[in-house]
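Q: Please take a close look at one part of this model, the open sheet, and describe how its strands are arranged and paired. After that, please go on to the pockets.

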Amino acid sequence: MLVAVFLSCEKDDLVDGGRPSIDYVRVTTPELSDSLLVSAFQGSLIAIIGNNLGGTVEIWFNDLMADLNPVYVTDQSILVSVPSDVPTEVTNQIRLEFADGNNLTYAFEVDISEPEVNSMKSEYVFAGEVATIYGNYFYEPITVTFSGGLEGEVLPMTTADGQTLRVVVPEGAQAGPITVSTNFGTTESDFWFRDDRNIILSSDPFTGWWNVDYVVEPSEVGPGDPASISGNYIRVNKMIGAWEWTEVAGGAADAVGEVSRNFPDDAIQNPRDYYLKFEVNTVKPYNNNIVRFNFGLPSEVNEAYFWQPPYDSQGEWETVAIPLEQVFSAYSDQGVTPVVLDEGYWTRILIFGGNALDADISFDNFRVVPKTLD
């Protein structure tokens, strides 16, 4: 009788007679502890607040079991991260399983992220060939739509991280943003496929002081040569000695011509909002020397922006995106501040450095483009 009375009194002392309950879910940041949640994104760390929760052995979000560390389980709270995987069955509930076999459910939604579209391996890809898109939250089923409204054939994923898409470019795809759609949302890219905006150095046709011998026309491309991705391109295929001055392309504004005026005024004034982009193809690795860029300048600056090695595209065209503020910061270090010029800008690609380079490197489509869509 004494034991029965003791156990009865102990149970009566527990909140709700020892029955588990959830009062609310909140964020884990101490200064935001009063921020209550009815949903959270994948991978988010949350705090489940209630009573008599110490016997929890499993926590499920929809049909996915979370990783549960017993250290973070107490009678009054549980810290747990929402699973990062995508559920097959969506119940919009948290389910707690207890050591005694009972369970408890609580209404809670997991926000599945819409696709995140960051970049392409190369923004110039022919119809019928495979384009590679980098981002996140690429959850099947997926559609990729090119400007002009044409869908590409999405190939099976080779990784399970949901961060890389491979898609066959459809015939008739136009220059412009691409759109990636899943069951959880639709995202339009900030970058353009076959981006032809604000070209500031082009070999279509060749202009400038140097060096017409580096210009490759499509009819001149042979087996083993880089493919022509948009008309002519620039190719430097020779041994360059240490401190050998190799001017590849460019010149003063009046020599480069109209293309030198394509540098946007807003990019001169707000470089943080823009990228310097170009396509590059290294048949041999760019592993020595220095490639120096002059773009958007009133006159030549020999110690301008250094595009440093190493870089190796292994014989494939790739798109390089350099934040324009990095380029302008290098100019500033030389005491030069770009200003808006109606007559155009000094332009140059110069290879000059203290180490020899066995070069086979090609360039195309130098452009200055916004980081985000308007």
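A: Leu45 has Ser81 of β7 as its bridge partner, in a model that is predicted. That contact belongs to the pairing of strand β4, residues 45-51, with β7, where 5 bridges join the two strands and the direction is antiparallel. The pair is part of an open sheet of 4 strands, ordered β2-β1-β4-β7 and paired in antiparallel fashion. The edges are taken by β2 (36-37) and β7 (77-81), each of which has a single partner strand, so one side of each is left without a neighbour in the sheet.

Turning to the pockets, the largest has a volume of about 300 Å³. It is lined by 15 residues, and those closest to its centre are Val125, Glu129, Val130, Glu316 and Trp317. Strand β12, which spans residues 130-136, gives the most to this lining, with 3 residues, and by class the lining of the largest pocket holds 8 nonpolar, 4 polar and 3 charged residues.

The second largest pocket encloses about 260 Å³ of space, and among its 14 lining residues Asn118, Ser119, Tyr275, Lys277 and Ala321 lie nearest the centre. Two or more residues of this lining come from each of β11 (116-120), β22 (274-282) and β25 (318-323), with β11 giving the most, 4 residues. The lining of the second largest pocket divides into 7 nonpolar, 3 polar and 4 charged residues.

How values were computed. Residues are numbered from 1 along each chain as its sequence is written. This is a predicted model: local features need pLDDT of at least 70, side-chain atom pairs count only at pLDDT 80 or more; totals for chains, interfaces and linings use all residues. Side-chain values use heavy atoms; hydrogens and water are left out. On a 1 Å grid over the protein atoms alone, a cavity is a set of points where a 1.4 Å probe fits but cannot get out, and a pocket is an open set with protein on both sides within 12 Å along at least five of seven lines; lining residues have an atom within 4 Å of a point. Grid points are joined across faces, edges and corners, and a volume is the space filled by probe spheres set on the points. Ala, Val, Leu, Ile, Met, Phe, Trp, Tyr, Cys and Pro count as nonpolar, Asp, Glu, Lys and Arg as charged, and the others, Gly among them, as polar. Two strands pair if DSSP finds at least two bridges between them.
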